[in-house]
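Open the model in your viewer and keep the selection tool ready. The stops below say what to select next and what is there.

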Amino acid sequence: MSTGHVEPPLWRRLVINRFVLVPASIAVVILLWNAYVATHDHGVVAGRVVDIAGQAVPGATVVLWVLNFTTYVEKTRATTDSAGRFIITDNDSHNIRLAAEKPGIGRSARMPVRLYFRAQDIQLREPLVLSGTG
């Protein structure tokens, strides 16, 4: 006597089960992550420097510090363009701090930046804000 239940083919039972789907999903995520890292690991750090009123500050010096075991050490400097933008192209760390300064206008606080992987390209969402006297 038939119950109306049709058994799926063996290949379908072997492929569509948690012991295959979960490792396959993990492998796909790992492949996608590695592809993302390979296309975003040039060490570019970009952003803007503004004054307390939000106006761009040309000619400001931006300093990048990297974590060296227990302390941060200065790695490189960049100067902002006429629109207050800066680009640093040689970051090879994943734990950095940035600060800007321009004599006569002021300096910013050190901004901690935690990256997901070494040499990750990043565009800062918030500008470095110069305040106080320099």
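**Stop 1: Leu21 and the nonpolar patch**

Select Leu21, which counts as partly exposed because its relative accessibility is 42%. Keep in mind throughout that this is a predicted model. Leu21 is placed in helix 2. Now extend the selection to Leu10, Trp11, Leu14, Val15, Ile16, Phe19 and Val20: together with Leu21 these residues make a nonpolar surface patch of about 820 Å². Helix 1 (10-15) and helix 2 (18-39) are the elements that give two or more residues to the patch. Which of the elements gives the most to the nonpolar patch? Helix 1 does, with four residues.

**Stop 2: strand 1 and its partners**

Next, select residues 45-50, which are strand 1. Five of its six residues are buried, so strand 1 is largely enclosed by the rest of the structure. Show its neighbours in turn:

- Strand 4 (residues 85-88) runs antiparallel to strand 1, and four bridges join them. Pick Arg48 here to find Arg85 of strand 4 opposite.
- Strand 8 runs parallel to strand 1, with two bridges between them. Ala46 has Gln123 of strand 8 as its bridge partner.
- Strand 9 (residues 128-129) also pairs with strand 1 in the parallel sense, over two bridges. Here Val49 is matched with Leu128 of strand 9.

When you turn on side chains, note that in a regular strand they alternate between the two faces of the sheet.

**Stop 3: Gln120**

Move to the loop between strand 7 (111-114) and strand 8 (122-123), where Gln120 is found. Is Gln120 buried or exposed? Its relative accessible area is 8%, so Gln120 is buried. A polar atom of the Gln120 side chain lies 2.7 Å from the backbone nitrogen of Tyr116. Leaving aside residues up to four places away in sequence, Gln120 touches His40, Val44 and Leu115.

**Stop 4: the hairpin of strands 2 and 3**

Select strand 2 (residues 61-68) together with strand 3 (residues 71-79); they pair in the antiparallel sense over eight bridges. One pair to display is Leu64 with its bridge partner Thr76 in strand 3. The two strands form a hairpin with two residues between them. In the turn, check the backbone of Phe69, which has a positive phi of about 65 degrees.

**Stop 5: salt bridges**

How many salt bridges does the count come to? The count comes to four. Three of these can be visited as follows.

Select Glu74 and Arg77, whose side chains meet in a salt bridge with an N to O distance of 2.7 Å. Glu74 is partly exposed because its relative accessibility is 41%, whereas Arg77 counts as exposed at 51%.

Then return to Arg85, the residue seen opposite Arg48 at the second stop. Arg85 forms a salt bridge with Asp81, and the closest N and O atoms are 3.0 Å apart. Arg85 is partly exposed with a relative accessible area of 47%; Asp81 is also partly exposed, with 28%.

Finish with Arg107 and Glu101, another salt bridge, in which the closest N and O atoms are 2.7 Å apart. Glu101 is partly exposed, its relative accessible area being 33%.

Terms used:
Residues are numbered from 1 along each chain as its sequence is written. This is a predicted model: local features need pLDDT of at least 70, side-chain atom pairs count only at pLDDT 80 or more; totals for chains, interfaces and linings use all residues. Side-chain values use heavy atoms; hydrogens and water are left out. Buried means under 20% relative accessible area, exposed over 50%, partly exposed in between (1.4 Å probe, protein chains only). A polar contact is a pair of N or O atoms within 3.5 Å; within protein, one must be able to donate a hydrogen and the other to accept it, and residues adjacent in sequence count only if both atoms are side-chain atoms. Contact means heavy atoms within 4.5 Å. Two strands pair if DSSP finds at least two bridges between them. Patches are made of residues with over 30% relative accessible area and no salt bridge: like charges are joined within 9 Å, nonpolar side chains (Val, Leu, Ile, Met, Phe, Trp, Tyr) within 5 Å. Accessible areas come from the Shrake-Rupley method with a 1.4 Å probe; for residues, only the protein chains shown count as cover.
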